[in-house]
Amino acid sequence: MKPSIGFQEDTGAVVRALRQLLGVPFPETSSVFVVSPDLTEIAPIERRVDTLLQVETKGDGT
């Protein structure tokens with residue numbers, strides 16, 4: 001069985017998934033990169049995500 005590749009290994013996959021699978025008209029990107037998944041705030045509430053990606057588009061910014 002071929003191992004699956006996630007968004008952390010193929011950061012462009014999130015934009016392709018939004019466009020192809022969900023039909024979201026996502027603008028042309030200039031870069032996509034992994035951001036720290038630590039979402040902890042000043043308040044004593046800890047929140048974590050598996051993967052957090054930041055996408056920069058050519059015309060609309062981040």
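# A walk through an α-β-β chain

Starting at the N terminus, the elements of the chain come in the order α-β-β. That makes one helix and two strands, taken as DSSP runs numbered from the N terminus (H or I, at least four residues, for helices; E, at least two, for strands). You're looking at a predicted model, where local features need pLDDT of at least 70, side-chain atom pairs count only at pLDDT 80 or more, and totals for chains, interfaces and linings use all residues. Residues are numbered from 1 along each chain as its sequence is written, and side-chain values use heavy atoms, with hydrogens and water left out.

**Whole chain.** Select everything and turn on the surface. About 5,000 Å² is exposed, with carbon and sulfur atoms supplying 56% of it; areas here come from the Shrake-Rupley method with a 1.4 Å probe, and for residues only the protein chains shown count as cover. Of the 62 residues, 13% are buried, where buried means under 20% relative accessible area, exposed over 50%, and partly exposed in between (1.4 Å probe, protein chains only). If you like contact maps, take the contacts with a separation of 6 or more: residues 24 or more positions apart account for 34% of them. A contact means heavy atoms within 4.5 Å.

**Before the helix.** Next, pick Glu9, in the segment before α1 (13–20). Glu9 counts as exposed because its relative accessibility is 60%. Draw a distance from its C-alpha to that of Val34: the two are 25 residues apart along the chain, and you should read 9.2 Å.

**Into α1.** Now select Ala13, Val14 and Val15, which are buried residues of the helix. What covers the buried residues of α1? Show β1 (29–35) and β2 (52–57), which are among the cover.

**The salt bridge.** Stay in α1 and click Arg16. Its side chain meets that of Asp10 in a salt bridge, 2.4 Å from N to O. The cut-off is a side-chain nitrogen of Lys or Arg within 4 Å of a carboxyl oxygen of Asp or Glu, and a search of the whole structure turns up one such bridge. Are the partners buried or exposed? Asp10 counts as partly exposed, because its relative accessibility is 29%, and Arg16 is partly exposed too, at 37%. Leave out neighbours within four places in sequence, and Arg16 is in contact with Asp10 and Leu21. One more distance from here: the C-alpha atoms of Arg16 and Phe26, ten residues apart along the chain, sit 8.8 Å from each other.

**A greasy spot.** Select Leu21, Leu22 and Val24 as spheres. They form a nonpolar patch on the surface, with about 330 Å² of accessible area together. Patches are built from residues with over 30% relative accessible area and no salt bridge, joining like charges within 9 Å and nonpolar side chains (Val, Leu, Ile, Met, Phe, Trp, Tyr) within 5 Å. Leu22 is in the loop between α1 and β1, and its 63% relative accessible area is why it counts as exposed.

**Last stop, β2.** Finish on Thr57, in strand β2. Thr57 is buried, with a relative accessible area of 10%. Which residues does Thr57 touch, not counting those up to four places away in sequence? Light up Phe26, Pro27, Glu28, Thr29 and Ser30. Then zoom in on the Thr57 side chain: one of its polar atoms is 3.0 Å from the backbone nitrogen of Asp60.

Notes. A polar contact is a pair of N or O atoms within 3.5 Å; within protein, one must be able to donate a hydrogen and the other to accept it, and residues adjacent in sequence count only if both atoms are side-chain atoms.
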